[in-house]
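Here is a short set of notes to read beside the model. Take the points in order and find each residue as you go.

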Amino acid sequence: MQLNDLRPAEGSRKNRKRIGRGNSSGHGTTAGRGTKGQLSRSGGGKGAGFEGGQQPLAMRLPKLPGFRNPNRVEYAPVNVARLQEVFEDGDTVDAESLVAKGIIKRTYVPVKVLGDGELTKKLTVRVDKVSASAKTKIEAAGGKVEPAC
């Protein structure tokens with residue numbers, strides 16, 4: 001036996017159905033689509049999301065997920081541990097000094113000081129918001145919290 005003698009098993013391979021190639025093929029004239037109706041036409045049939053006239057799922061669902069509050073204020077968070085690292089004893093912490101030290105990027109973004117970490121330096125904090133834990137840590141270290149101008 002040689003490689004050129006190899007053949008697939010009898011009946012394992014079938015010729016593909018050639019549609020619309022004359023009546024003698026058995027699939028001529030209507031090409032297996034039937035006589036009339038939506039599916040017999042070119043481009044006929046419904047789209048992928050069609051649900052029989054019912055409102056499709058893609059149109060029933062909301063366009064965007066969730067609720068976007070237009071009045072939400074996004075604060076730039078700064079922890080007291082970061083203030084401990086960067087500022088000296090007796091310094092004033094405000095938006096301008098935070099930008100100058102590279103902690104935040106812009107002065108017009110509201111800043112909130114959070115209470116993560118320890119603080120031993122006496123600082124005057126003048127920012128938009130201060131968390132309750134941060135306020136107790138700042139005041140325990142001898143500093144004070146003032147409202148932003």
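1. Start with a term. Two strands pair if DSSP finds at least two bridges between them. By that rule β1 and β3 pair, because four bridges join the two strands. They run parallel. Keep in mind throughout that this is a predicted model.

2. Now the whole sheet. Three strands form it, in the order β1-β3-β5. The sheet is open, and its pairing is parallel. Which strands are the edges? They are β1 (76-79) and β5 (129-130), since each pairs on one side only. In general, strands of a sheet pair through backbone hydrogen bonds, either parallel or antiparallel.

3. Next, look at β3, residues 111-114. Its pairing with β5 is parallel and spans two bridges. Lys112 is a useful landmark here. Opposite Lys112 stands Lys129 in β5. Pro77 also stands opposite Lys112.

4. Stay on β3 and follow its side chains. They alternate along the strand. Val111 and Val113 point to one face, and both are buried. Lys112 and Leu114 point to the other face and are not buried. The cut-off matters here: buried means under 20% relative accessible area.

5. Turn to charge. Side chains of opposite charge can pair when their charged atoms come close. How many salt bridges does the structure hold? It holds five. The next three points take some of them in turn.

6. Begin with Arg126 and Glu146. Their side chains meet in a salt bridge, at 2.7 Å from N to O. Arg126 lies in strand β4 (residues 124-127), and Glu146 lies in strand β6 (residues 144-147), so the pair ties together parts that are 20 residues apart in sequence. Salt bridges that share partners also bring in Lys144, joining Arg126, Lys144 and Glu146 into one network. How accessible are the two ends? Arg126 has 27% relative accessibility, so it counts as partly exposed. Glu146 has 23%, so it is partly exposed as well.

7. Another bridge links Glu51 and Arg60, with 3.3 Å from N to O. Glu51 is partly exposed, because its relative accessibility is 30%. Arg60 is also partly exposed, at 42%.

8. Then find Arg72 and Glu74. They form a salt bridge, and their closest N and O atoms are 3.0 Å apart. Are these two residues buried or exposed? Arg72 is exposed, and so is Glu74.

9. Go back to the start of the chain. Met1, Leu3 and Leu6 form a nonpolar patch on the surface. Together they have about 430 Å² of accessible area. Take Leu3 as one of its members. Leu3 lies in the segment before α1 (57-60). Its relative accessible area is 74%, so Leu3 is exposed.

10. Last, check the backbone. Most residues other than glycine have a negative phi, and most peptide bonds are trans. Thr29 has a positive phi of about 45°, although it is not a glycine. Ala31 has a positive phi too, near 55°. Thr29 lies in the segment before α1, and Ala31 lies there as well. Their surroundings contrast: Thr29 counts as exposed because its relative accessibility is 70%, while Ala31 counts as buried because its value is 18%.

Terms used
Residues are numbered from 1 along each chain as its sequence is written. This is a predicted model: local features need pLDDT of at least 70, side-chain atom pairs count only at pLDDT 80 or more; totals for chains, interfaces and linings use all residues. Side-chain values use heavy atoms; hydrogens and water are left out. A salt bridge is a side-chain nitrogen of Lys or Arg within 4 Å of a carboxyl oxygen of Asp or Glu. Buried means under 20% relative accessible area, exposed over 50%, partly exposed in between (1.4 Å probe, protein chains only). Patches are made of residues with over 30% relative accessible area and no salt bridge: like charges are joined within 9 Å, nonpolar side chains (Val, Leu, Ile, Met, Phe, Trp, Tyr) within 5 Å. Accessible areas come from the Shrake-Rupley method with a 1.4 Å probe; for residues, only the protein chains shown count as cover.
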